[in-house]
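User: I have a structure to go through with you. Could you take me through its strands, its core and anything unusual in the backbone?
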Amino acid sequence: MIEARHLRVLRAVAATGSFSAAARELGCTQPAVSQQMKALEGSAGTPLLIRTGREMRLTEAGEVLVRHASGILAGLTAAEEEVAAIAGLRAGRVRLVSFPSGSSTLVPTALAALRAAHPGTRVSLVEAEPPRSIEMLREGDCDVALAFRYAGGTSGRPADGQAEWDDLVVRPILADRLVGLVPEGHRLAGAGSVGMAELAGESWIAGCPRCRRQLVDVCEEAGFTPRIDFATDDYPAVVGLVGAGLGVAVLPELAIESVRPRGARTVAVEPAVEREIVALTLPDLAQVPAVAATLDELTRAATRA
């Protein structure tokens, strides 16, 4: 019989490429990893790994098990949580992954409310931008992903992330409008609103890869290609660079809320561009009480923000 703990070890070995690296990831010893892999190969009745010096690669059977492992482990997590709730334990465990500006605005409000309503529910948080956060959800490394996608532009391009979410439960949270950010002494600092075409000759500071791609799309629809001199995933760094007079940027309102924009001014950008903030989970996990409660509190947090 193949055990779930052995599948977790196999997945770690396949991802890291060695027993020692897998042991570090799992928080155990290398002999323990080796022992569990031997047990798994015994259960499978065939070799799963080929060892060549310091390197390891999966056999065909090993590749099959790794391919099925994520779905099996996610299903087991859902079963464990549902059984615990039915048994009246009134406890839950939720692993949440969020993009940074969501972590500093929506997540604290949601988790405080969740703890007050369900003190037995434990929530852990790590940060990742989509599409990595979506991969973590599918790989069984989290239960809920707070993510975002941009609507298609005037070119008719499909909504960003639409296809990659087709098999997930999608809970809409809020529409987060992009705003312009310019230095205090900029010629447009006092404007009520700014057309994207008015920023055509500026030096640009771009954010995460998904936001960067959206910036290029929006600028091209306005008739120009932005000259991106700086790119960083860190929103405070974007604000700092703008405040120092090194360029302009467009940022989501949530990002502005989480940073004090010293030396910079916000301006409305036309045409309006929004990103949709959503909470995602797998269909099986959506039935887990602790996961459902987390989704509910993330939705309510948007009304309190």
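User: Let us begin with S6 and S11. How many bridges join them, and do they run parallel or antiparallel?
Analyst: Strand S6, covering residues 169–183, is joined to strand S11, residues 264–270, by five bridges, and the two run antiparallel. Within that pairing, Pro183 has Ala264 of S11 as its bridge partner. Please note that this is a predicted model.

User: And S7 with S11, in which sense do they pair?
Analyst: Strand S7, residues 193–195, pairs with S11 in the parallel sense, over three bridges. Here Gly195 is matched with Glu270 in S11.

User: What kind of peptide bond follows Glu270?
Analyst: The bond from Glu270 to Pro271 is cis, with omega near -5 degrees. Pro271 itself sits in the loop between S11 and strand S12, the latter spanning 274–281. Glu270 thus appears both as the bridge partner of Gly195 and at the start of this cis bond.

User: Which other residues are joined by a cis peptide bond?
Analyst: Pro130 and Pro131 are joined by one, with omega of about 10 degrees. Pro131 is located in the loop between S4 and helix H7, residues 132–138. As background, most peptide bonds are trans.

User: Since S4 has come up, where does Thr121 lie?
Analyst: Thr121 belongs to strand S4, which runs over residues 121–127.

User: Is Thr121 buried or exposed, and why?
Analyst: Thr121 counts as buried because its relative accessibility is 15%, and the cut-off for buried is under 20%. Leaving aside residues up to four places away in sequence, Thr121 touches Gly92, Val94, Leu114 and Ala290.

User: Changing topic: where is Pro226 found?
Analyst: Pro226 is in the loop between helix H8 (209–221) and strand S9 (227–231). At 8% relative accessibility, Pro226 also counts as buried.

User: What does Pro226 touch?
Analyst: Beyond residues up to four places away in sequence, Pro226 touches Trp204, Leu215, Val216 and Cys219. In addition, its C-alpha atom is separated by 6.6 Å from that of Ala200, although the two residues are 26 residues apart along the chain.

User: You mentioned Trp204. Which residues have the most contacts inside the largest nonpolar core?
Analyst: They are Trp204 and Leu280, in a core of 70 residues. Trp204 is therefore a contact of the buried Pro226 as well as a member of that core.

User: And what does Leu280 touch?
Analyst: Not counting residues up to four places away in sequence, Leu280 touches Ile134, Leu137, Asp143, Val144, Ala145, Ala147, Trp165, Leu168, Val169 and Val170. Another core, of 17 residues, lies apart from the largest one, and its members include Leu10, Ala23, Leu49 and Ala69.

User: Now the overall picture. How many helices and strands are there?
Analyst: The secondary structure comes to 11 helices and 12 strands. The C-alpha atoms fill a box of roughly 70 × 50 × 35 Å along the principal axes, and 44% of the 305 residues count as buried.

User: What share of the contacts comes from residues 24 or more positions apart?
Analyst: Such residues account for 71% of the contacts with a separation of 6 or more.

User: Lastly, what about the surface and the charges?
Analyst: The accessible surface comes to about 14,500 Å², with 52% of it belonging to carbon and sulfur atoms. There are 31 positive and 37 negative side chains, and the centres of these two sets lie 6 Å apart.

Definitions and conventions: Residues are numbered from 1 along each chain as its sequence is written. This is a predicted model: local features need pLDDT of at least 70, side-chain atom pairs count only at pLDDT 80 or more; totals for chains, interfaces and linings use all residues. Side-chain values use heavy atoms; hydrogens and water are left out. Helices (H or I, at least four residues) and strands (E, at least two) are DSSP runs, numbered from the N terminus. Buried means under 20% relative accessible area, exposed over 50%, partly exposed in between (1.4 Å probe, protein chains only). Contact means heavy atoms within 4.5 Å. Accessible areas come from the Shrake-Rupley method with a 1.4 Å probe; for residues, only the protein chains shown count as cover. Lys and Arg count as positive and Asp and Glu as negative; His and the chain ends are not counted. The place of a charge is taken as NZ of Lys, CZ of Arg, CG of Asp or CD of Glu. A nonpolar core is a set of buried Ala, Val, Leu, Ile, Met, Phe, Trp, Tyr and Cys residues joined through side-chain atoms within 4.5 Å. Two strands pair if DSSP finds at least two bridges between them.
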